[in-house]
Amino acid sequence: MPERDVKARIVSTGLFTPPNAISNAELVTAFNAYVEKFNADHAKEIDAGAVEALAPSSVEFIEKASGIKSRYVIDKSGVLDVDVMRPNIPERPNGELSVLADIAVHAAKDALRAADLKGGDIDAVICACSNLQRAYPAVAIEIQEALGVPGYAYDMNVACASAAFGVTQGAALIESGAARRVLVVNPEICSAHLNFKDRDSHFIFGDVATAVILEGADETPRPGSFDVLDTRLKTKFSSNIRNNFGFLNHCDPSGAVQTDHKTDKLFVQQGRKVFKDVVPMVGELIVSHLEDNNVQPAALRRLWLHQANLSMNVLIAKKVLGRDPTAAEAPTILDEYANTSSAGSIIAFHKHRDEISVGDHGVICAFGAGYSAGSVIVRKAA
């Protein structure tokens, strides 16, 4: 089909990185201390075959399984405390800015500075992320208030694909005339739902916040801006990635409050099944999206992919390009940031787009639980 008229443009991005980093070595030391303590405390049950002994983790195992070498977190001390094994994030009074809104505001202000804009120049705010702090009032409206945005705001959750869905919604609002400029924020406190006692997943996630500002393409292109040529979304239900934490999980049918926190209230995934299902799904989505927009894979300068697993990204990029990608063509931030859910592809875009020339094409693609996936074809405008 012919290329669509461009209606929306990405004019800037922003990034907030927490000050606390945890290396694989630090994480492994804490996890293995927990394993040693657990196995000692349950020695009799383990010997009797009633309890399965826990296996230690290692730096080599983590890097081979994921490509992750480090991650940033809101709180480091609680994660590394063998008696806690989760972040200590104090609850804030209702009169204070919530922690999720706080990190989103930092990323948003970074994006506003980059575009020389103020909160009053934005018409709508979309908070698109996997890990919302509360059900209501919407975190997006809290962010809107903190930034002085006069229009409207709403939350959306499509797991790790939320950024692509948010950009799609922002572009659609501009195209429909419902907004001139839209701020999409992706604040992710993934450490709060991660099971740091699970060897297969204790290393996966980090915390971060990103922001994207879109405006109408009728504006003069700003330096470093990208036209949004087209977007495509796809979902298919699967329980292979799941987090069952919700407003019903504290009560049993009799109404009694539950005090145990079952592991499926935290992040759970069947990694091999996810890999097998998601790689072809995402590869086919991008390939067909490019084909329908008359963009040849050979013309792509960048694939800014969701940062979940290095091997997964390499295989997706290979399916799209028809060959192994170079490090520049499919940039990775996974080694430093780990999996940051919806924010990962935006971090990659934020950090690895300056060398793109005017007229060059790229794809921002986010994917994850649901399954959900979103592809955004962009072209350097100025």
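Ala, Val, Leu, Ile, Met, Phe, Trp, Tyr, Cys and Pro count here as nonpolar, Asp, Glu, Lys and Arg as charged, and the others, Gly among them, as polar. Keep that in hand for the first stop. The model on screen is predicted.

**Stop 1: the second largest pocket**

Select Phe 16, Ile 74, Asp 75, Asn 88, Ile 89, Pro 90, Arg 92, Val 99, Asp 102, Ile 103 and His 106. These residues line the second largest pocket. Its space comes to about 160 Å³. Colour the lining by class: six residues are nonpolar, two polar and three charged. Which helix gives the most to this lining? Helix H5, residues 99-115, does, with four residues.

**Stop 2: the second largest cavity**

The structure has two cavities of 30 Å³ or more. Go to the second largest, with about 30 Å³ of space. Select Leu 27, Ala 30, Phe 31, Val 79, Met 85, Phe 196 and His 202 to show its lining. Helix H1, residues 24-41, is the top contributor, giving three residues. Colour by class again: this lining has six nonpolar residues, one polar and no charged ones.

**Stop 3: helix H7**

Select residues 162-176, which make up helix H7. Put a distance between its end C-alpha atoms: they are 21 Å apart. That agrees with the 21 Å expected for 15 residues at 1.5 Å a residue. Now turn on the surroundings. Of the 15 residues, 11 are buried, so the rest of the structure largely encloses H7. The buried set includes Phe 165, Val 167, Leu 173 and Ile 174. Ser 162, Thr 168, Gly 166 and Gly 170 are also among them. Step just past the helix to Gly 177, where phi is positive, at about 90 degrees.

**Stop 4: strand S11**

Select residues 300-305, strand S11. Five of its six residues are buried, so the strand is mostly covered (buried means under 20% relative accessible area). Add strand S12, residues 361-368: S11 pairs with S12 in the parallel sense over five bridges. Zoom in on Leu 305, which stands opposite Cys 365 in S12. In a regular strand, side chains alternate between the two faces of the sheet.

**Stop 5: Ser 341**

Finish at Ser 341, in the loop between helix H10 (334-337) and helix H11 (344-351). Is Ser 341 buried or exposed? Its relative accessibility is 2%, so Ser 341 counts as buried. Leave aside neighbours within four places in sequence, then show its contacts: Ser 130, Ala 159, Cys 160, Glu 188, Cys 190, Phe 205 and His 306.

Notes
Residues are numbered from 1 along each chain as its sequence is written. This is a predicted model: local features need pLDDT of at least 70, side-chain atom pairs count only at pLDDT 80 or more; totals for chains, interfaces and linings use all residues. Side-chain values use heavy atoms; hydrogens and water are left out. On a 1 Å grid over the protein atoms alone, a cavity is a set of points where a 1.4 Å probe fits but cannot get out, and a pocket is an open set with protein on both sides within 12 Å along at least five of seven lines; lining residues have an atom within 4 Å of a point. Grid points are joined across faces, edges and corners, and a volume is the space filled by probe spheres set on the points. Helices (H or I, at least four residues) and strands (E, at least two) are DSSP runs, numbered from the N terminus. Buried means under 20% relative accessible area, exposed over 50%, partly exposed in between (1.4 Å probe, protein chains only). Contact means heavy atoms within 4.5 Å. Two strands pair if DSSP finds at least two bridges between them. The expected span of a helix is 1.5 Å times one less than its number of residues.
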